[in-house]
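Student: I would like to go through this model feature by feature. Please give the general idea each time, then the case at hand.

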Amino acid sequence: MEIAVCIKQSIDVAQLKIDPKSFEPLISVTPMKISDIDRNAIEEALKIKEKHGGKVTAITLGGEKAKEVLREAIAMGVDNAIHILNDLGEIDEYVVSEAIANILKTRGPFQIILCGEMSIDKYTAQVGVRIAENMKIPCITYARSINVEGNEVTVERDLEDRIEIVKAKMPVLITVTREINIPRLPQLMAILRAAKKPIETINLSQLKIDLNPKTKVLEVKGVEIKRKGIVIKDLPVDKAVDELLNNLIKEGVIKR
Amino acid sequence: MKIVTFSENLEALMEIAAKVRESIPMESSISSITTMKPNMREEMGRYGINKLYVIEGLRNIEELIDAIMGISEREEAKLIILESNKVNKEIAIKIAVNIGAGYIADCIDFKIDVDGKLIGKRMVYASKAVETIKVLSEKAIMTVPRRISEPKPEWNFTCEIIYEKVKPIETKTLVIDVKKKELSAVPLESAEVIVAVGRGVKKKEDCKIMEELAKILGGVISCSRPVAADLKWFNEWIGLSGHKVSPKLYIAVGISGAIQHLAGIQNAKVVVAINKDSEAPIIKSADYGVVADLYEFIPKFIERLKSMGK
């Protein structure tokens, strides 16, 4: 079984700071990390491989630093890694999906393609579905379990008000939720070995695809958080309750 | 501008129509598509909708996508707007691929630029920032959240109702079973008061007193992601990957305040946090952060509220 997993390097959103004067998000100084849910996608790919045999190929698109997420994937246990180097600068989810679909088609065939349900930075949930639609293969989103049998997958799909059990024939693209598994932590030796493993790099500009984005980011502005930040502490419980209650009455959210 | 909108829910279609009418001042025609039989057809014109297509005989997502694309083509729509939910986002992206359109997910505000192209705003980086995006393609598609605007009955269109049979298409993803989730009796998005529990609550039984607190305050109980996803005490949670809520009063009990959780409560009016760890991020991110043992604080809080006649 050939399995592909599409991963992304994102800024560590929890560490993102907003400039208090200009409200500019300070993105360039924010540490990068693998988009969390993509680790679940890698884990699921490895689990399927362990049960059914085959190889796992990890693909990412990004700048030079994006290789780090491929090293992490290799340390977790993936067999091959392909880096589509973004040598063009600003692109959008359309170009990203076109590029990844192109690699999947030329390096495949892959029976199962896995993605995280969405990336932790932008949350558009777009690339996985775009890839599937580009490749004209079935797409199952928001998987919280995957079972492979013969040439079919059965997936539990987590929607707002219901769980759907969905069957599809391979090849198939599946986007996974954080609830699907607990990603393994790579061993130190595996991390050291991964650092030496060759990573294939392809320049985005050299792919024979449409490189014209469909959308353009005009501006990103930080949001002012307007919480009062009043801390009630070091008080006996009775007093703390009174203090909170008085404040909530003043706010008008509890009526006297 | 010719616009097509889609939601299963008529109320959502009226909200979207109101938002379109206030955001796109030029003369526009709105053709809405739904899957439910309308019981208020005369009303739809008053809410700014020119045509209502009711899709019949629907069996799968492929047929729905085909129907929305067919109607959009016939109506010569330049802009397609869908109510944002998990399934509709997938539909929107598939349509975007098929018609070569740029897509804006979870768009909270939008306008048409001088060149006739769509500009939209959306929250990014766990709601720490707002991104302004311009769609460069001729056609644009977006999903918008519920309650993007109040429905406004201030128009006098005669809404034409058109029943549309779908073209049968074999599905590539067969749904073989559906299990309904047991959800909060009041939708979390419309709750006025929410008491949410986190990992600081030790046992599932302990949620009972939080539920009592919620009841006294006229609200509902919910939780943070780990309590639902890992402990499985609830079927839904509050946060970026769950519900984004806007109650008047939000009480976080034993929740540490991961950034994804904070993103879900950004629109709450007053946020109270009760946590014994004064270093927990939620203490600083609340209006009132109470550093106390919840097992001592909550029973006393309930007692005082009861003594006030609540």
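The dialogue below goes from the model as a whole to its strands, a helix and a single residue.

Student: What kind of model is this, and how are its parts numbered?

Tutor: This is a predicted model, in which local features need pLDDT of at least 70 and side-chain atom pairs count only at pLDDT 80 or more, while totals for chains, interfaces and linings use all residues. Residues are numbered from 1 along each chain as its sequence is written, and chains are lettered from A and ligands numbered from 1 in the order in which they are written.

Student: Which confidence values go with the model and with chain B?

Tutor: The model has ipTM 0.92 and pTM 0.92. pLDDT is the predictor's confidence in each residue, from 0 to 100. Its mean over chain B is 94, with 99% of the residues at 70 or more.

Student: How many helices and strands does chain B have?

Tutor: Helices (H or I, at least four residues) and strands (E, at least two) are DSSP runs, numbered from the N terminus. Chain B has nine helices and 16 strands. Its C-alpha trace spans about 65 × 45 × 35 Å along the principal axes.

Student: Where do the domains of chain B lie?

Tutor: Domain bounds come from an automatic or database domain assignment. For chain B that assignment gives domain 1 (2-165) and domain 2 (188-307). Taken over C-alpha atoms, the centres of domain 1 and domain 2 of chain B are 34 Å apart.

Student: How do I read strand pairing?

Tutor: Strands of a sheet pair through backbone hydrogen bonds, either parallel or antiparallel. Here two strands pair if DSSP finds at least two bridges between them. In chain B, β2 (residues 29-34) and β3 (residues 51-56) run parallel and are joined by four bridges, with Ser31(B) partnered by Lys51(B). β3(B) also runs parallel to β10 (residues 160-165) of chain B, through six bridges; Val54(B) stands opposite Tyr163(B) there.

Student: What is the strand order of the open sheet of four strands?

Tutor: The order is β12(A)-β8(B)-β7(B)-β6(B), with antiparallel pairing. Its edge strands, each paired on one side only, are β12 (215-222) of chain A and β6 (109-112) of chain B. Seven bridges link β12(A) to β8 (residues 129-135) of chain B in the antiparallel sense, and one of the pairs is Gly222(A) with Ala129(B).

Student: How is burial judged, and what is the status of Val175(B)?

Tutor: A residue is buried if 20 or more other C-beta atoms lie within 10 Å of its own, exposed if 12 or fewer, and partly exposed in between, with C-beta atoms placed from the backbone. Val175(B) counts as partly exposed because it has 15 C-beta neighbours inside 10 Å. This residue sits in strand β11 (residues 173-180) of chain B. Of the 310 residues of chain B, 49% count as buried.

Student: Which residues are in contact with Val175(B), leaving aside its neighbours within four places in sequence?

Tutor: Two residues are in contact if their C-beta atoms, placed from the backbone, lie within 7 Å. With those neighbours left aside, Val175(B) is in contact with Glu164(A) and Val166(A).

Student: How does the span of helix α1 (residues 36-52) of chain A compare with expectation?

Tutor: The expected span of a helix is 1.5 Å times one less than its number of residues. α1(A) has 17 residues and reaches 25 Å from first to last C-alpha, close to the expected 24 Å. Its buried residues include Ile37(A), Ile42(A) and Leu46(A). Gly53(A), with a positive phi near 80°, follows α1(A).
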